[in-house]
Amino acid sequence: MKKIEIINGPNLNLLGLREPEVYGHRSFDGYLEQLRRQYPDVEIGYYQSNHEGDLIDRIQAVGFEADGIVLNAGAYTHTSIALHDAIKAVPAPTVEVHISNVHQREEFRHKSFISAACRGVICGFGLDSYRLAVEALSPNPPAGDER
Ligand code: DQA
């Protein structure tokens, strides 16, 4: 069974409560159950922290054994060179995700310090951004897919 780790950064523990007009009404726990049902052949781990160093520790802890990391670094996306370095330090490919389309929002959200270290970026599809990232990292592509 292949392993993908979803890592959520600061304030994403408040999904469902936090600015629902931007991030929706759904809690991440409920969404995660659905995602695990949708990908029964993938072991989907989950970690959330509001602290930058904890996110780095988690990337280091899983990044040598996981098949991929799905990272929503929240606001640290726009500030953290240390997260950029952690992503580069481990062999697992990381997909950067955002629930909102950060490019439609304030200018300070247009710059990502982590994109250049990531395999790719998915943003603006609501919680479905996470599924699209799992799909991109999926070790079981659909028949006929030559990725
Ligand atoms: C976010 C976008 C970030 O700019 C913001 O700081 C977040 C959430 C998103 O998922 O849309 O906390 O990463």
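Two residues are in contact, or touch, when heavy atoms of theirs lie within 4.5 Å. That idea helps in reading this structure, which is a predicted model.

A good place to start is Leu35. Leaving aside residues up to four places away in sequence, Leu35 touches Ile6, Ile44, Tyr130, Arg131 and Val134. Leu35 is also a member of the largest nonpolar core, a group of 22 residues, where Leu35, Ile6, Phe28, Val70 and Tyr130 touch the most other members. Which elements supply at least two residues each of this core? They are strand E1 (2-8), helix H2 (28-38), strand E2 (42-48), strand E4 (94-98) and helix H5 (128-137). There is also a second core, separate from this one, with 16 residues, among them Leu55, Val62, Ala73 and Cys118.

Zooming out, the protein chain has five helices and five strands. Read from the N terminus, the order is β-α-α-β-α-β-α-β-β-α. Contacts in the protein chain often link distant parts of the sequence: of those with a separation of 6 or more, 76% are between residues 24 or more positions apart.

How does the overall size work out? The C-alpha trace spans about 40 × 35 × 25 Å along its principal axes. For 147 residues, a compact globule would come out with a radius of gyration near 15 Å, and the protein chain has 14 Å, so the two agree. Of these 147 residues, 45% are buried, and buried here stands for under 20% relative accessible area.

Then there is the outside. About 7,500 Å² of the protein chain is exposed, with carbon and sulfur atoms supplying 49% of that area. As for charge, the protein chain carries 14 positive and 20 negative side chains. The centres of these two sets are 2 Å apart.

Finally, the loop between E1 and helix H1 (20-23) deserves a look, starting with Asn11, which is found there. Asn11 is not a glycine, yet its phi is positive, at about 75 degrees. Is Asn11 buried, exposed or partly exposed? Its relative accessibility is 37%, so Asn11 counts as partly exposed, given that this class runs between the 20% limit for buried and the 50% limit for exposed. Glu19 also sits in the loop between E1 and H1. Glu19 is not a glycine either, and its phi is positive at about 35 degrees. With a relative accessible area of 35%, Glu19 is partly exposed.

Conventions: Residues are numbered from 1 along each chain as its sequence is written. This is a predicted model: local features need pLDDT of at least 70, side-chain atom pairs count only at pLDDT 80 or more; totals for chains, interfaces and linings use all residues. Side-chain values use heavy atoms; hydrogens and water are left out. Helices (H or I, at least four residues) and strands (E, at least two) are DSSP runs, numbered from the N terminus. The radius of gyration is taken over C-alpha atoms; the globule rule is 2.2 Å times the number of residues to the power 0.38. Buried means under 20% relative accessible area, exposed over 50%, partly exposed in between (1.4 Å probe, protein chains only). Accessible areas come from the Shrake-Rupley method with a 1.4 Å probe; for residues, only the protein chains shown count as cover. Lys and Arg count as positive and Asp and Glu as negative; His and the chain ends are not counted. The place of a charge is taken as NZ of Lys, CZ of Arg, CG of Asp or CD of Glu. A nonpolar core is a set of buried Ala, Val, Leu, Ile, Met, Phe, Trp, Tyr and Cys residues joined through side-chain atoms within 4.5 Å.
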